[in-house]
Amino acid sequence: MKNNLERIDEIRFSPENDDVCHVNDLYIANDKLYVSMFSYPPRKNSLSFANKTYQGVILEYSLQERKVVKICHDKLLQPHSVLHYDNKMFYCVSGEFLVKRNEEDIFKCLGYTRGLAVRNQTLFVGQSESRQIPVLLNKHTNILLDCGIYVHDISTKLSSFIHIPSEEIYGILVI
């Protein structure tokens, strides 16, 4: 490794060095690591958005036992932004423009969702400019091209959208 960095350890989901799992986001709660990834179990050539594979998962990995404990959610189209709030798992299913709370759809965006935060009954959802628009138009009847953050009241189901002068949002931190 360059700059005299020393590799101490690693977590591997595939014996290959290629990007066959495409890990998106990591979230740690207690001794558990929650990982969203596009392809699991690992398969070469399964990362293409155009082939509409729903091989994305959110898995739970035990940091103490150093192994995958379980698949929390599977058959997802490009999952991102996992977090726990009020003893429930929230996450984005980016290819579907959805935010889920456990198995329940709680918010539908008009574009590629990535970046998520929850505070009280307010949900903050990032939306990036969508790529692969011809493919997305096969599934969605309307796509908002803007990048920004939805501020959504979970109780009233009312939202506003704050435009961000950028192309992509990866995460949201509410301070």
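What share of the contacts between residues at least 6 apart in sequence join residues at least 24 apart in the protein chain? I looked that up before anything else, and I got 41%. Note to self: this is a predicted model.

**Entry 1: the overall picture**

I went through the elements of the protein chain and found one helix and twelve strands. From the N terminus I read ten strands in a row, then the helix, then two more strands: β-β-β-β-β-β-β-β-β-β-α-β-β. Of the 175 residues, 44% count as buried. The chain exposes about 10,300 Å², and I see that carbon and sulfur atoms supply 49% of that area.

**Entry 2: the sheet 5-6-7-8**

I picked out an open sheet of four strands in the order 5-6-7-8, paired antiparallel. Strand 5 (79–85) and strand 8 (104–108) are at its edges; each has a single partner strand, so one side of each has no neighbour in the sheet. From one strand to the next, I noted a twist that averages 25°.

Then I zoomed in on strand 5 and strand 6 (residues 88–93), which run antiparallel and are joined by five bridges. Across this pairing, Leu83 stands opposite Phe90 of strand 6.

**Entry 3: the sheet 9-10-11-12**

Next I traced another open sheet, four strands in the order 9-10-11-12, again with antiparallel pairing. Here the edge strands are strand 9 (112–119) and strand 12, each pairing on one side only. Neighbouring strands are turned by 20° against each other on average, direction ignored.

I walked across it pair by pair:

- Strand 9 and strand 10 run antiparallel and are joined by six bridges; Leu116 stands opposite Val125 in strand 10.
- Strand 10 (residues 122–128) pairs with strand 11 (residues 148–153) in the antiparallel sense, over six bridges. The bridge partner of Gly126 in strand 11 is Ile149.
- Strand 11 pairs with strand 12 (residues 159–163), antiparallel, over five bridges. Gly148 has His163 as its bridge partner in strand 12.

Strand 11 and strand 12 also form a hairpin, with five residues between them. I checked the turn and found Lys157 with a positive phi of about 65°.

**Entry 4: Arg114**

Is Arg114 buried or exposed? I expected to have to check this one, as Arg114 is found in strand 9. Its relative accessible area is 9%, under the 20% cut-off, so Arg114 counts as buried.

What does the side chain of Arg114 meet in a polar contact? I found the side chain of Glu168, at 2.3 Å. Leaving out residues up to four places away in sequence, I listed what Arg114 touches: among them are His80, Ser81, Cys92 and Ser94, as well as Gly126, Arg131 and Tyr170. Glu168 is on that list too.

**Entry 5: Asp153**

I moved on to Asp153, in strand 11. Asp153 comes out as partly exposed, at 26% relative accessibility. Its side chain reaches the backbone nitrogen of Thr156 at 2.9 Å.

Which residues does Asp153 contact, leaving aside neighbours within four places in sequence? I got Gln121 and Leu158. I also looked at Thr122: its C-alpha atom and that of Asp153 are separated by 4.7 Å, although the two residues are 31 apart along the chain.

**Entry 6: aromatic rings**

I ended with the rings, where the structure holds four aromatic pairs. One of them is Tyr85 with Phe90: the ring centres are 6.4 Å apart and the planes stand at 70°, so I logged the pair as edge-to-face. Tyr85 is partly exposed, with a relative accessible area of 27%, whereas Phe90 is buried at 3%.

Phe107 and Tyr150 are another pair, with centres 5.2 Å apart and planes at 70°, so this pair is edge-to-face as well. Phe107 lies in strand 8 and Tyr150 in strand 11, so the pair ties together parts that are 43 residues apart in sequence. Phe107 counts as buried, at 9% relative accessibility, and Tyr150 is buried with 8%.

Which residues form one aromatic cluster? I wrote down Phe107, Tyr150 and Phe161.

Definitions and conventions:
Residues numbered from 1 in each chain as written. Predicted model: local features only at pLDDT ≥ 70, side-chain atom pairs only at ≥ 80, totals over all residues. Heavy atoms only, no water. Pairing = 2+ DSSP bridges. Buried < 20%, exposed > 50% of the residue type's maximum accessible area, 1.4 Å probe, protein only. Contact = heavy atoms within 4.5 Å. Areas by Shrake-Rupley, 256 points an atom, 1.4 Å probe, with all protein chains shown as cover. Axes fitted to C-alpha atoms, helices over the stretch in contact; angles between N-to-C directions. Polar contact = N/O pair within 3.5 Å; in protein donor to acceptor, adjacent residues only side chain to side chain. Phe/Tyr/Trp six-rings, centres within 6.5 Å; stacked < 30°, edge-to-face > 60°.
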